[in-house]
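Got your viewer ready? Load the model, switch on a cartoon view, and let's walk through it stop by stop.

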Amino acid sequence: MESTFRSEVQEFIRSCERFAEFSHRDNGLTEHEREAVFVYFLRALDRRVIPTLSQQDEDMVA
């Protein structure tokens, strides 16, 4: 892992890797679970990291 990343970014990357391993072991995610993860991710970023959400993304998060 790139050591120049802040510790929070490194932990996020590790968490994503663990989540991907979990979903792979459990035969993937359902469509509803994938949508929930996507929406939660957008909300958690509070639109500060991704300032250019499309209208469809805006509607999904609302």
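Which residue follows α1 with a positive phi? Select N27: this residue comes after α1, and its phi is near 60°.

Before going further, some ground rules. This is a predicted model, so local features need pLDDT of at least 70 and side-chain atom pairs count only at pLDDT 80 or more, while totals for chains, interfaces and linings use all residues. Residues are numbered from 1 along each chain as its sequence is written, and side-chain values use heavy atoms, with hydrogens and water left out.

Now colour by pLDDT (the predictor's confidence in each residue, from 0 to 100). The protein averages 79, and 69% of the residues score at least 70. Confidence is highest in α1, at 90, and lowest in helix α3 (residues 55-61), at a mean of 55. Where pLDDT is low, the predicted coordinates should not be read in detail.

Zoom out for the layout. You'll find 3 helices and 0 strands, running α-α-α from the N terminus. Helices here are DSSP runs of H or I, at least four residues, and strands are runs of E, at least two, numbered from the N terminus.

Select α1 next and check its length. Its 19 residues should span 27 Å at 1.5 Å a residue, and the end C-alpha atoms are indeed 27 Å apart. The expected span is 1.5 Å times one less than the number of residues.

Still in α1, show the side chains of E11 and R14, which sit 3 residues apart, about one turn of the helix. They form a salt bridge, with the closest N and O atoms 3.1 Å apart; the cut-off is a side-chain nitrogen of Lys or Arg within 4 Å of a carboxyl oxygen of Asp or Glu. Add R18, which also bridges to E11, at 2.9 Å. Together, E11, R14 and R18 make up a network of salt bridges.

Buried or exposed: what is Q10? Select Q10, also in α1: it is buried because its relative accessible area is 18%, and buried means under 20%, exposed over 50%, partly exposed in between (1.4 Å probe, protein chains only). The Q10 side chain reaches the backbone oxygen of F5 at 3.0 Å.

Last stop: turn on the surface and pick F19, F22 and V37, which make a nonpolar patch of about 230 Å². Patch residues have over 30% relative accessible area and no salt bridge; like charges are joined within 9 Å, nonpolar side chains (Val, Leu, Ile, Met, Phe, Trp, Tyr) within 5 Å. F19 is partly exposed at 34%.

Notes:
Areas by Shrake-Rupley, 256 points an atom, 1.4 Å probe, with all protein chains shown as cover. Polar contact = N/O pair within 3.5 Å; in protein donor to acceptor, adjacent residues only side chain to side chain.
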